[in-house]
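Visitor: I am new to this one. Please show me how to read its features, step by step.

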Amino acid sequence: MKQPAPQGVGFPAKHQPATTKGTKTMLFPIAIEPGDTDHAYGVIVPDIPGCFSAGDTLDEAMSSAKEAIDLHLEGLDEDDAIIPTAGTVQAHSANPEYQGFIWAVVEVDITRYLGKATKINVTLPANLIRRIDDFVGAHPEYDSRSGFLARSALKELQQSA
C-alpha cells in the first residue's frame, strides 16, 4: 500500500548519498498508551504518519514498535518516498493528544535507506579541514572526514525538522 510522503525535512530514501561505511541511526520517539488487564499497550510513532503498533506488555509494545518502524520505512523506501527525520520526545510530549502516554525512543538503523555512497568535491578552508581531521582522529566512531561531514549534515537536518 502506498503511503503519502510525510511533510517536513527528510531525505529521499534512495537519492541521498551515504558517505561512510559506518551505521547511521535515528532515535524515533514513540508514544505508548498504557494498557491494562483487558487492553494492549498501543503505540504511535508521531514522526511517521500511519505507523502504529501494540503489545500485551510494555516490553512487547516497545519491541513491536521497532518492527513497525522498520516495515514502514521499508515501504517508504520502496515507494521512493522521503524518510522522515525523527523529532524529539520533548516536542511531541507537549502535544495534548498524547497526554498520559508513556514515552520512549526506538533506535533504528537508517543506513540502508540513505542510498549508495557518491563521491563529491567539497572546498573548505585548510584550518577547518585540519580541525575536522583532528576531531575525527580523536573520535574513531566517525570513521573518516566524510563520515564526520555526513553525520554532521544528518544531525543538522534532524534538528531543523
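**Reading the fold, feature by feature**

Guide: Let us begin with one residue. Leaving aside its neighbours within four places in sequence, Asp 70 is in contact (heavy atoms within 4.5 Å) with Val 108, Arg 112 and Tyr 113. This is a predicted model, where local features need pLDDT of at least 70 and side-chain atom pairs count only at pLDDT 80 or more, while totals for chains, interfaces and linings use all residues. Residues are numbered from 1 along each chain as its sequence is written, and side-chain values use heavy atoms, with hydrogens and water left out.

Visitor: In which helix is Asp 70 found, and does it count as buried or exposed?

Guide: Helices (H or I, at least four residues) and strands (E, at least two) are DSSP runs, numbered from the N terminus. Asp 70 belongs to helix H1, residues 58–78. For burial, the scale is relative accessible area with a 1.4 Å probe and protein chains only: buried is under 20%, exposed is over 50%, and partly exposed lies in between. Asp 70 counts as buried because its relative accessibility is 17%.

Visitor: How many helices and strands are there in the protein?

Guide: The protein has four helices and six strands. Following the sequence, you meet them in the pattern β-β-β-β-α-β-α-β-α-α. Of its 161 residues, 34% count as buried. Contacts also show how the chain folds back: among those between residues at least 6 apart in sequence, 65% join residues at least 24 apart.

Visitor: What is the order of the strands in the open sheet?

Guide: Two strands pair if DSSP finds at least two bridges between them. Here four strands form an open sheet in the order S4-S3-S2-S6, with antiparallel pairing. Strand S4 (52–55) and strand S6 (102–109) are the edge strands, each pairing on one side only. On average, neighbouring strands of this sheet are turned by 30° against each other, direction ignored; the axes behind such angles are lines fitted to C-alpha atoms, for helices over the stretch in contact, and angles run from 0 to 180 degrees between N-to-C directions.

Visitor: How many bridges join S3 to S4?

Guide: Strand S3 (residues 41–44) runs antiparallel to S4, and four bridges join the two. You can follow the pairing residue by residue: Tyr 41 stands opposite Gly 55 in S4, and Ile 44 has Phe 52 as its bridge partner there. The side chains along S4 alternate, with Ser 53 and Gly 55 pointing to one face and buried, while Phe 52 and Ala 54 point to the other and are not.

Visitor: Which residues touch the most other members of the largest nonpolar core?

Guide: A nonpolar core is a set of buried Ala, Val, Leu, Ile, Met, Phe, Trp, Tyr and Cys residues joined through side-chain atoms within 4.5 Å. The largest one has 24 residues, of which Phe 28, Ile 30, Ile 69 and Leu 73 touch the most other members. Strand S2 (25–33), H1 and S6 are the elements that give two or more residues to this core, and H1 gives the most, with six. Take Leu 73: apart from neighbours within four places in sequence, its contacts include Phe 28, Ile 48 and Val 108.

Visitor: How many aromatic pairs are there?

Guide: A pair of aromatic rings is described by the distance of the centres and the angle of the planes. Rings of Phe, Tyr and Trp (its six-membered ring) pair if their centres lie within 6.5 Å; planes under 30 degrees apart count as stacked, over 60 as edge-to-face and the rest as tilted. The count comes to five aromatic pairs. In one of them, Tyr 98 and Phe 101 meet edge-to-face, 5.7 Å centre to centre with 80° between the planes. Tyr 98 is buried because its relative accessible area is 8%, and Phe 101 is buried at 17%. Together with Trp 103, Tyr 98 and Phe 101 form one aromatic cluster.

Visitor: Which residue in the loop between H3 and H4 has a positive phi?

Guide: That is Asp 143, with a phi of about 70° although it is not a glycine; its loop runs between helix H3 (126–138) and helix H4 (145–159). Asp 143 counts as partly exposed because its relative accessibility is 47%. Asp 80, also not a glycine, has a positive phi of about 55° and is found in the loop between H1 and strand S5 (82–84).
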